[in-house]
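Good morning, and thank you for the opportunity to present at this meeting. I would ask you to keep the sequence and the structure in view while I speak.

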Amino acid sequence: MATVATPLQYGDPPRLGAYVVRARLQALPTGFVYLGQDSDGRVVSIALLTRGAALDAAARERFLLAVRQAAPVRGGVRGWMARARGRGAAGAPRVVAMDAGSSPWVAVPYEKGGPGAGWFLESVLVTGTLIGETHGPDFVPYWLGDRAPALPLPPPPAPPPVETRRAVLVALSALALLLTLTGAIAWLLAGPRDDAVPPSRPIPGTYFLPTPPPVPSPNDTLKPSPTPSPGEGGTGTGRPTSPPDPGEDI
């Protein structure tokens, strides 16, 4: 099978774990093989299931079982049991990283012309029978039509920042002080005032009382002035002449 590197296409993951996906090596019915590189420059071959195979529990388990059998054997009781069972299939590449989540993938060292990560995708499809040679039509899984890459889920968002208990208490104290000052100002503006001037009494209406007309007194009676005779005085100017003084010589 050709393993010529081709550019990434729409839907291919840009990154898988610690590896940056550089190119596509193979496109199989059960998954894809990519060329990846880590931060140290090590080049790996990465096998990723299709979305249909990743959603099928049996297909996903067959893929993970093949990966676990080729993974490095650990120490302890589990490692001893694995060595006793002869764990590890012949010709399986060495596993350097894997992810057993909802979108499983496995990474192996990249060797040009050697077995790549696509070796693990061969065990996903069920071939042959337990009673001998296969007869009749081939079995086709229902998920074989969904050949989009099983993209890993995005990382969960970071939790919201949480303030310390001291900061929360300081904020509550400031809020309580602000509410108290607001209430005091509102009470001073809208509450009763002790120095308010009481309303003045209304001015009584004007009452007109008629009074009798004034009566003239006897002293205020006008006396007629004497009128001189035509023979007295020379000219009649109408000016009264005062009587002669008895002591004055005539």
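Let me begin with Arg24, which counts as buried because its relative accessibility is 10%. I should say at once that this is a predicted model.

Where does Arg24 lie? Arg24 is found in strand β2. Its side chain makes a polar contact with the side chain of Asp12, at 2.7 Å. Leaving out residues up to four places away in sequence, Arg24 touches a series of residues that includes Val4, Ala5, Thr6, Pro7, Leu8 and Gln9. Asp12 also belongs to that list, as do Phe32, Val33 and Tyr34.

I turn now to the partner, Asp12. Asp12 lies in the segment before β1, the strand of residues 15-16. Is Asp12 buried or exposed? Asp12 counts as buried, because its relative accessibility is 10%. Besides the contact with the side chain of Arg24, the side chain of Asp12 has a polar atom 2.7 Å from the backbone nitrogen of Gln9. With residues up to four places away in sequence set aside, Asp12 touches Arg24, Tyr34, Pro149 and Leu151.

The next topic is the nonpolar interior. The largest nonpolar core has 25 residues, and those touching the most other members are Leu49, Phe63, Val106, Phe120, Leu121 and Val124. Which elements give two or more residues to this core? They are the strands β2 (19-27), β3 (31-37), β4 (43-49) and β6 (105-109), together with the helices α1 (51-55) and α2 (57-70). Of these, α2 gives the most, with 6 residues.

Leu49 may serve as an example. Apart from neighbours within four places in sequence, Leu49 is in contact with residues that include Phe63, Leu121 and Val124, which are also among the core members I have just named. The contacts of Leu49 further include Thr30, Gly31, Ala54 and Arg60, as well as Pro104, Pro149 and Ala150. There is also a second, separate core of 11 residues, which includes Phe32, Val44, Leu48 and Ala97.

A brief remark on Ala71 fits here. Ala71 is found in the loop between α2 and α3, the latter spanning residues 76-84. Ala71 counts as buried because its relative accessibility is 16%. Ala71 and Val106 are 35 residues apart along the chain, and their C-alpha atoms are separated by 9.8 Å.

Let us move to charged pairs. Side chains of opposite charge can pair when their charged atoms come close. How many salt bridges does a search of the whole structure find? The search finds 5.

One of them joins the side chains of Asp38 and Arg42, at 3.1 Å from N to O. Asp38 counts as buried, with a relative accessibility of 13%, whereas Arg42 is exposed, with a relative accessible area of 52%. Asp38 and Arg42 are linked with Asp40 in a network of salt bridges.

Another salt bridge is formed by Arg51 and Asp146, whose closest N and O atoms are 3.1 Å apart. Why does this pair tie together parts that are 95 residues apart in sequence? The reason is that Arg51 lies in helix α1, while Asp146 lies in the loop between β6 and α4. Arg51 is partly exposed, with a relative accessible area of 42%. Asp146 is also partly exposed, with a value of 25%.

A further salt bridge brings together the side chains of Glu61 and Arg68, at 3.6 Å from N to O. Glu61 counts as partly exposed at 43% relative accessibility, and Arg68 is partly exposed with a relative accessible area of 33%.

Finally, I ask you to look at the surface. Which residues form a nonpolar patch there? The patch consists of Val168, Leu169, Leu172, Leu175, Leu178 and Leu179, with about 580 Å² of accessible area together. Of these, Val168 lies in helix α4, which covers residues 165-190. Val168 is partly exposed, with a relative accessible area of 40%.

To close, I return to two points. In the interior, the side chains of Asp12 and Arg24 make a polar contact at 2.7 Å, with both Asp12 and Arg24 counting as buried. On the surface, Val168 and its partners form a nonpolar patch. Thank you for your attention.

Technical notes:
Residues numbered from 1 in each chain as written. Predicted model: local features only at pLDDT ≥ 70, side-chain atom pairs only at ≥ 80, totals over all residues. Heavy atoms only, no water. Patch = residues over 30% accessible without salt bridge, like charges linked within 9 Å, V, L, I, M, F, W, Y side chains within 5 Å. Areas by Shrake-Rupley, 256 points an atom, 1.4 Å probe, with all protein chains shown as cover. Salt bridge = Lys/Arg side-chain N within 4 Å of Asp/Glu carboxyl O. Helix = DSSP H or I, 4+ residues; strand = E, 2+ residues; numbered from the N terminus. Buried < 20%, exposed > 50% of the residue type's maximum accessible area, 1.4 Å probe, protein only. Polar contact = N/O pair within 3.5 Å; in protein donor to acceptor, adjacent residues only side chain to side chain. Contact = heavy atoms within 4.5 Å. Core = buried A, V, L, I, M, F, W, Y, C linked by side-chain atoms within 4.5 Å.
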